[in-house]
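The following exercises are to be worked with the sequence and the model in view. Each task is followed by a solution in steps.

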Amino acid sequence: MENRFKSLTIFEFQERFPDEDSCYEYLVDLKWGTGFVCPNCGHTNYCKGKRKYDRQCTSCHRTSSPTSGTLFHQLKFSVLKAFYIVYYVSTSKKGISSTELSRKLGLRQKTCWKFKRKVMKAMESSGKHKIDGSAEVDETVVGGQEEGVVGRKNGKKKLVVFAIERNGKGVRRMYGKVIKQSSSKELGGFMKTTIDISAHIKTDKWRGYSPLVKDFKNLVQVGSGKKGGNFPDLHRCIMGFKGWLRGMHHQVENLQAYIDEYCYRFNRSNMKEGIFDNLLIRMVNEAPFPYKPIIT
C-alpha cells in the first residue's frame with residue numbers, strides 16, 4: 001500500500017477515513033493487495049460478489065469479504081466505528097477503557113469490550129523477535145493484598161513472569177506471561193519462546209531457574225539485593241505495568257490480554273507513527289476470535 005496511514009492526529013485520521021467505504025477500501029488493500037487467493041481452494045481468479053467489496057472465486061464460487069477470516073469477522077456494528085476503536089486503543093498513551101470507548105462512539109459498553117478484546121488479541125507477541133542481547137527475568141504476583149498469602153504463593157492473585165531486554169542504560173523490549181507456578185518447566189517454557197538461547201540472562205537465585213542453565217549457557221543467578229536493587233530496570237518495568245493495570249482496568253481477570261496490550265505498546269514506544277497501521281495488518285492476518293473463547 002503506497003499511502004499507509006502514519007499520522008497519529010485525530011484530524012488526519014478522520015480525513016483518511018471519513019466513511020465506511022474508505023475503511024473497506026483499506027481492508028481490501030491489506031487483504032488482497034498482493035493478489036487474491038481463495039481460502040477454500042487456493043484459486044487466484046475471482047469475479048465480483050453480490051456486495052461491493054466481496055470477491056467470488058471463479059473455481060469453487062466461494063464468496064469472501066474484506067472482513068471474513070480476520071478479526072473483523074462477523075462485525076455487528078459499523079466498520080468505521082471499529083476503525084475508531086483500533087485507533088483509540090493503539091494511539092492512546094495509556095490505553096483506553098471500554099467504558100470510555102462506549103461514551104465516545106455511542107456503542108454499548110459490552111460491545112466495545114468484546115471488540116477491544118479482539119484488538120488485544122492482535123497485540124499478542126508473534127514470537128518472531130526474541131530477546132537476543134542482555135536479558136533479565138523475574139516473577140511477581142499481580143492482584144490485591146490477601147490475608148495469609150505470602151511470597152510466591154497466590155490465592156486470587158496471579159503469578160506472572162516478566163523478561164526485559166537491556167539496551168545500554170535503558171530497556172528495549174518487555175514480555176510477560178501468566179504462569180500457574182514458578183517451576184523450571186513453566187519458567188523455561190516462557191524463556192524459550194521469548195529469549196534467544198545465546199542471550200546473556202540474569203535472574204535471581206530462585207531454584208526454578210537453576211535447571212535452565214542447560215538450555216541457556218549464558219544464564220547467571222544473583223541475589224535480588226536490598227529491595228531488588230540488583231534488578232532496578234526490570235522492577236521498574238514491572239511496577240509500571242502494575243500501576244497501569246490498577247489505573248486503567250482495576251482487576252486481574254483477562255490478565256494475559258492486558259499483559260499483551262501493555263507489552264505491545266511498550267515495545268513500540270519509539271515507533272508510534274506506525275502503530276495503528278501495524279495493528280490493522282495484524283488484525284487482517286489473524287484468524288477470527290469468537291465471543292466464547294473471549295469470555296473463557
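**Exercise 1. A pair of helices**

Within what distance do the axes of helix 3 and helix 9 come, and at roughly what angle do they cross?

*Solution.* The model is a predicted one.

Step 1. The axes of the two helices, helix 3 and helix 9, come within 9 Å and cross at roughly 125 degrees.

Step 2. Angles of 65 to 115 degrees count as roughly perpendicular and those over 145 as roughly antiparallel; helix 3 is therefore oblique to helix 9.

Step 3. The crossing of helix 3 past helix 9 is right-handed.

Step 4. On the side of helix 3, the residues that meet helix 9 are Phe 83, Val 86, Tyr 87, Ser 90 and Thr 91. Their counterparts in helix 9 are Ile 275, Phe 276, Leu 279, Leu 280 and Met 283.

**Exercise 2. The nonpolar cores**

Identify the residues with the most contacts inside the largest nonpolar core, and the elements that build this core.

*Solution.*

Step 1. The largest nonpolar core has 36 residues, and those with the most contacts inside it are Phe 72, Phe 83, Ile 85, Val 86 and Phe 115.

Step 2. Two or more residues each are given to this core by helix 2 (20-32), helix 3 (79-91), helix 4 (98-105), helix 5 (109-122) and helix 9 (275-285).

Step 3. Helix 3 supplies the largest share of this core, 10 residues.

Step 4. Leaving aside residues up to four places away in sequence, Ile 85 touches Phe 77, Leu 101, Leu 105, Leu 107, Phe 115 and Val 119.

Step 5. A second core, separate from this one, has 21 residues, among them Phe 162, Phe 231, Phe 241 and Ala 257.

**Exercise 3. The buried face of a helix**

Determine why the buried residues of helix 6 line one face of the helix.

*Solution.*

Step 1. In helix 6 (residues 184-194), the buried residues are Leu 187, Gly 188, Phe 190, Met 191 and Thr 194.

Step 2. Viewed down the helix axis, these buried residues fall within an arc of 160 degrees, so they line one face of helix 6.

Step 3. Their cover includes strand 4 (134-142), strand 5 (158-167), strand 6 (170-179), strand 7 (200-203) and strand 8 (219-221).

**Exercise 4. Positive phi outside glycine**

Are His 61 and Gln 74 buried or exposed?

*Solution.*

Step 1. His 61, although not a glycine, has a positive phi of about 70 degrees; its place is the loop between strand 2 (55-57) and strand 3 (63-64).

Step 2. Exposed means over 50% relative accessible area. With 52%, His 61 is exposed.

Step 3. Gln 74, also not a glycine, has a positive phi of about 55 degrees and lies in the loop between strand 3 and helix 3.

Step 4. At 57% relative accessibility, Gln 74 is exposed.

Notes:
Residues numbered from 1 in each chain as written. Predicted model: local features only at pLDDT ≥ 70, side-chain atom pairs only at ≥ 80, totals over all residues. Heavy atoms only, no water. Core = buried A, V, L, I, M, F, W, Y, C linked by side-chain atoms within 4.5 Å. Buried < 20%, exposed > 50% of the residue type's maximum accessible area, 1.4 Å probe, protein only. Helix = DSSP H or I, 4+ residues; strand = E, 2+ residues; numbered from the N terminus. Contact = heavy atoms within 4.5 Å. Arc of directions from axis to C-beta. Axes fitted to C-alpha atoms, helices over the stretch in contact; angles between N-to-C directions. Parallel < 35°, antiparallel > 145°, perpendicular 65-115°, else oblique. Left-handed = near helix turned anticlockwise from the far one by under 90°.
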